[in-house]
Amino acid sequence: MSTPAFAQPLTLGNVQLRNRFVSAPMERNYCDADGVLTDHYIDYLERRAAGGAALVFTEASYVRADGKGRIRQMGVDDDTQIPQLAKLAGVIHRHGALLGVELNHGGRTAQGVVSGFTPVAPSPIPCEVVGGEMPTELDDDDIEHIISCFGDAAARCAQAGVDVLSLHGGHGYLIHQFLSPAYNKRTDQWADPVRFVNTVIDDVRTKAPEIVLGLRFSAFEGVDDGLDAAATRARIDAIDTDRLDFLDVSAGNYEAGQWIIQPGEWDRGLLAPYAEQYSRDLDLPIGVAGRISTPEIAEQIIASGQADFVSLARTLHADPDFPRRAIAGERYRPCIACNYCIDSLAAGPVPCSVNPWVGREAEQPTGLADTTIRVAVVGAGPGGLAASRELAIEGHVVDLYDQRDYLGGDFALAADLHEYPEYRRILDWYIAELDDLNVAIHLGTPVTAETLHGRGVDAVVLATGGQGPAIDLVDAETRSVRDIREFLRDKDSAPEAITIFGADREAAAVADELLTQGTRVVLIAPQAQIAQDVGRRAKIVLLPRLAASAHLTAHLSATVTRVDAHRVEIRDTTGTRWIDAPGELLISHGIEPDTRLLTELRTLAPRLGVHTVGDASGDGGSIQAAALTATHVARTITEAAAANAVAVSA
């Protein structure tokens with residue numbers, strides 16, 4: 001078989017990439033408060049280098065303190081940051097990869113509450129997405145100083161042993177702001193949209209002449225008054241690209257964040273057609289980002305000449321071994337494009353929904369347990385699947401039970417909704433993994449203590465999920481009332497009309513699904529907003545779609561006080577009134593742990609205990625929380641087995 005295009009080396013300036021997979025710059029909040037790389041961030045990046053990426057970028061790193069946008073964002077604005085960066089360079093190089101840093105200044109997207117400074121920008125136009133703080137318009141001296149800061153940062157990176165630098169000229173940051181007619185309203189010399197970036201290129205080349213240098217940019221902004229694809233091309237043609245070693249194509253800005261981090265509903269590789277003209281017309285290696293989450297789409301992009309390398313962020317966040325596995329034709333852990341990672345950025349270190357070891361790479365077990373035991377896992381939702389895999393990887397004998405006739409629990413029901421087309425991939429991955437690990441799967445098997453009695457079970461993991469809370473509605477017997485999960489489980493066809501009481505994640509997803517099938521939906525919710533429990537990026541295309549639907553009637557900040565066959569009485573800020581509420585009434589008020597089996601299973605008294613994971617443990621109702629709890633439970637059981645074995649042998 002011929003070598004895949006993505007496995008072939010690529011020359012980038014004066015360095016050579018071992019393949020075409022680049023671990024893209026991705027903010028992670030893993031640095032300390034002064035922008036210094038922490039050891040656990042180094043562990044994270046080392047894992048991506050060990051997984052086969054040719055070039056490993058850190059993240060958008062601020063070159064001056066007032067350009068900082070995240071509390072634990074990486075900085076390259078001070079010499080104190082050099083030692084850890086040099087340590088990282090050595091680690092990355094040991095694995096045969098190259099190290100890259102993306103130089104950035106947030107401009108109007110920076111936040112004073114984070115940086116301690118008033119943000120600055122080409123023109124005083126606030127960024128409402130991050131709070132709307134009014135930036136100070138930069139004067140000539142300050143512009144020249146920031147340009148010098150880019151060059152000084154480049155020199156620090158070169159001193160630390162960084163191989164590749166990328167100037168962040170996209171996503172609505174400072175360089176992009178100068179390029180954009182939406183944010184550069186100046187009338188002086190800096191009204192020239194490319195003057196700033198060209199002067200930055202000159203300063204970087206002067207202070208770090210040997211380093212490989214590229215530019216990341218947005219192929220279009222995605223806002224009405226911003227740069228479209230044609231205008232962006234004109235900007236790139238005016239930039240001194242002859243002084244660059246590569247271009248890397250992305251899209252969007254903060255006001256069009258869906259183009260920066262694309263939702264799972266959108267096509268894989270959707271930005272490749274925008275990269276193609278640059279690959280065709282410019283004598284530079286061209287990279288591209290954007291939902292490149294399978295080897296097939298990466299190969300298609302590179303083999304067709306649309307780009308020379310692919311920039312992967314979420315894909316390698318989910319599986320650091322993706323490059324190695326893609327080249328070897330092996331199975332990999334898929335990113336499901338849920339955007340939980342990016343939506344967690346403001347809260348702290350960025351996790352991953354499908355990989356519980358993200359940010360905990362040094363803690364991940366690397367071998368078999370000293371003492372292997374038999375474990376029964378009851379419930380095959382995400383928590384049960386994750387626990388079964390973690391236990392089996394450590395060498396334990398695992399039996400997985402579920403009363404349903406399929407794996408995945410309620411998550412499998414969500415995977416059938418059009419909003420979540422990638423969810424099925426992680427279930428398929430778990431199924432294949434458990435098969436390889438010889439986990440015995442017992443579907444259609446309701447479990448009681450008697451089921452497990454006499455089977456030599458050393459530990460039990462209860463992963464039976466949860467159920468909707470009981471809601472006391474006056475006169476509820478006058479109509480059909482079901483929990484929303486029950487509606488999904490029964491797989492009823494789309495009705496002509498339906499009423500949903502609640503506006504949480506599940507309610508919004510089901511309403512969206514039914515609206516696409518022509519159902520008239522009435523949504524009544526105590527919440528002030530739809531999908532209030534969902535991160536901004538995860539609902540960035542959902543909410544506008546719901547708002548645009550003529551078949552949705554929403555009553556927010558309202559509660560149902562009484563029902564009859566075709567109406568409900570609601571109470572909101574205006575008082576109490578009856579409204580039309582056609583069809584069945586679905587209740588979507590979250591989930592409570594289903595621990596009905598817990599007491600019964602404890603009567604078995606397995607020597608290493610009964611443990612709960614997933615919704616059964618009340619750990620937050622997300623697959624990330626379920627998978628994370630599963631790793632803790634597996635570790636607890638393994639350590640207990642080792643301690644028990646020592647006690648017995650003594």
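The following exercises, with worked solutions, concern strand pairing and salt bridges in a predicted model.

**Exercise 1.** Determine which strands lie at the edges of the open sheet that contains β23.

*Solution.*
Step 1. The open sheet has three strands in the order β22-β23-β24, with antiparallel pairing.
Step 2. β22 (559–563) and β24 (575–580) each pair on one side only, and they are the edge strands.
Step 3. On average, neighbouring strands of this sheet are turned by 35° against each other, direction ignored.

**Exercise 2.** Describe the pairing of β22 with β23 and identify the residue of β23 opposite R562.

*Solution.*
Step 1. The two strands pair in the antiparallel sense over four bridges, β23 comprising residues 567–572.
Step 2. Within β23, the residue opposite R562 is E569.

**Exercise 3.** Classify D188 and R186, which form a salt bridge, as buried, partly exposed or exposed.

*Solution.*
Step 1. The closest N and O atoms of D188 and R186 are 2.8 Å apart, and the cut-off for a salt bridge is 4 Å.
Step 2. D188 has a relative accessible area of 31% and is therefore partly exposed.
Step 3. R186, at 10%, falls under the 20% limit and is therefore buried.

**Exercise 4.** Establish where in the chain the salt-bridge partners R291 and E422 are located.

*Solution.*
Step 1. The side chains of R291 and E422 meet at 2.8 Å, N to O.
Step 2. R291 lies in the loop between β11 (286–288) and α9 (295–303), whereas E422 lies in the loop between α14 (409–414) and α15 (423–436).
Step 3. The pair links distant parts of the chain, 131 residues apart.
Step 4. Both R291 and E422 are buried.

Methods:
Residues are numbered from 1 along each chain as its sequence is written. This is a predicted model: local features need pLDDT of at least 70, side-chain atom pairs count only at pLDDT 80 or more; totals for chains, interfaces and linings use all residues. Side-chain values use heavy atoms; hydrogens and water are left out. Two strands pair if DSSP finds at least two bridges between them. Axes are lines fitted to C-alpha atoms, for helices over the stretch in contact, and angles run from 0 to 180 degrees between N-to-C directions. Buried means under 20% relative accessible area, exposed over 50%, partly exposed in between (1.4 Å probe, protein chains only).
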